[in-house]
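Open the model in your viewer and keep the sequence panel visible. The stops below go in order, each with a selection to make.

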Amino acid sequence: MDLKSRIRRRQRNDGSTRLVVDYDAINPAVHVEEPTGRGPVLERLLDYVEPVFEGDLPPDAYVFGPSGSGKSAVVTALFEQLRRVLSQSASIIHTSTRVLTSDTPTFVYVDAREAASDFALYHAILDGIVEETVPQQGIGLDSIRSRLQDALEPYDSSVLVAVDHVGEPETYGLAEIAGRLEPMADSLGWTAIGRAAPASIADDVLPPERIEVPSYERHALVDIVTERASSGLARRALQHEETRQLASWADGNAHDALAALFAAAHRAAGSGRSRIHHEDLSAGMDGIPRPSVSIGRVLALSDNRKVVLRALIDLDEAARESVDAATAAIAASDGVDLSESTVKRFLYELAEAGITERVTHPRSTGEIGRPPSRVEPRFPTLVFRQLYDLRSGV
DNA sequence: GATCCACGGGAATACACGGATG
DNA sequence: CATCCGTGTATTCCCGTGGATC
């Protein structure tokens, strides 16, 4: 455990034996500075970025691997470190009109979930390059694009952009990213990160370099869970046997493992226990749909969509029996200030994106018209509820 | 005044089914 | 028997409006 976590643990521990010391430490959407068990992948990525140490850009690349395999963990850690290490060798002043010469590229990490329009994408990149703040509204797409181009103009300085979570239902795919970044400048290179295997992607949009991030081995997952539990939970909160069981259940998916751990810990804490019992773990695992939409995707949704989801998961069975009923109940909930038609549109959109699922009712004889459908969450609801409530201070 | 984008609302379309039609 | 039609819902699609920001 690093010093920061130790201090945090002491700081938050007010003397009582709190089971959950730091929710962030067991939050599947939060990544640690030093990823566990991804040595070979890190080496592979370092080989790939090697040219930057000579001041050149590597070729564009596509990093891919299944859900929960640590793609985001490893790329965020790598870009963060590169940015930190390489920027101190040349203290440069970036402005949109002038970039003082530097030997090494600038590194920018962009989450496609937060860059879902052309404007937002260019904005995110520009914001990562220049010192000054970039307006988010009031200026047109053309003007933000040309400002970015200006910033990239001096070809002696270059930028490597990581675009994470490419190809999700609500984010740009590889082709769209390529189409938008390719024409910008020679001094801009990109590394896209996504789930889809290259075989399922058209050849002409695949960048020259492909890097695979395979699923975690079971023992690696055990290490990850152990480490996260040790920095986020009270001592000996999770037995080794339970850890093994969890890792084995998660089947290589670190997101699911941590989500279940989170849910189990929260349940145990709610019952006033000082450690996670077997039944807590079982309940935690049962609460994670498989496959599960990652909690990060849910948390990245717009505020009002989260408001709707937050209300949705508190509805009783009856109210979720149809989109109509759910709409009415949600629109009438405390804290929801949206019209019924907007709530309904959101419910359909969320289902379309796979965040919830619509299950059409079995036909009941005598009923007239098209049968309604039940609304079921496909994400870790307990984790969402807790993180949402923590952040909104409920 | 310009711009982006979330809301809201309504029109168009899809689906399910029983009954009529060819 | 296969198809079409009418009725009633469910779902999708689309676009104008307005808040917030520059």
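Which element supplies the largest share of the surface near DNA strand C? Select α14: three residues of that surface come from this helix, the largest share. The model is a predicted one, so read each distance below as computed from predicted coordinates.

**Stop 1: the surface near DNA strand C**

Show α13 (323-331) next to α14 (340-352); each supplies at least two residues of this surface. Colored by class, the surface has six nonpolar, four polar and five charged residues. Of the 15 residues around the strand, Q137, Y348, R358, R370 and S373 come nearest.

Now select the DNA atoms within 4 Å of the protein. Sugar or phosphate accounts for 73% of them, and bases for the rest.

Three contacts can be picked out here:

- Q137: a polar side-chain atom lies 2.7 Å from a base nitrogen of DNA strand C.
- R370: a polar backbone atom is 3.0 Å from a base nitrogen of DNA strand C.
- S373: an N or O atom of the side chain is 2.6 Å from a phosphate oxygen of DNA strand C.

**Stop 2: strand β3**

Select residues 159-166, which form β3. Is this strand buried or exposed? Eight of its eight residues are buried, so β3 is largely enclosed by the rest of the structure.

Add β2 (residues 106-111), which runs parallel to β3 and is joined to it by six bridges. D111 stands opposite D164 in β3. Then add β4 (residues 188-194), also parallel to β3 and joined to it by six bridges. Here V163 stands opposite A192. To follow the chain from β3 to β4, trace it through helix α6 (residues 174-181); this β-α-β crossover is right-handed.

**Stop 3: salt bridges**

The structure holds 22 salt bridges. Start with R297 and E170, whose closest N and O atoms are 3.0 Å apart. This pair links distant parts of the chain, 127 residues apart: R297 is in helix α11 (residues 295-299), and E170 is in the loop between β3 and α6. R297 counts as buried at 10% relative accessibility, whereas E170 is partly exposed at 30%. Add R113 and E168 to the selection to see the network of salt bridges that links them with E170 and R297.

Next, select R378 and E357, whose side chains meet in a salt bridge at 3.7 Å, N to O. R378 lies in the loop between β7 (373-377) and α15 (381-391), and E357 lies in strand β6 (residues 356-360), 21 residues apart. E357 is partly exposed, with a relative accessible area of 35%.

Key: Residues numbered from 1 in each chain as written. Chains lettered and ligands numbered in written order. Predicted model: local features only at pLDDT ≥ 70, side-chain atom pairs only at ≥ 80, totals over all residues. Heavy atoms only, no water. Near = heavy atom within 4 Å. Polar contact = N/O pair within 3.5 Å; in protein donor to acceptor, adjacent residues only side chain to side chain. Helix = DSSP H or I, 4+ residues; strand = E, 2+ residues; numbered from the N terminus. Nonpolar A, V, L, I, M, F, W, Y, C, P; charged D, E, K, R; others polar. Buried < 20%, exposed > 50% of the residue type's maximum accessible area, 1.4 Å probe, protein only. Pairing = 2+ DSSP bridges. Right-handed = clockwise from strand over helix to strand, strands pointing away. Salt bridge = Lys/Arg side-chain N within 4 Å of Asp/Glu carboxyl O.
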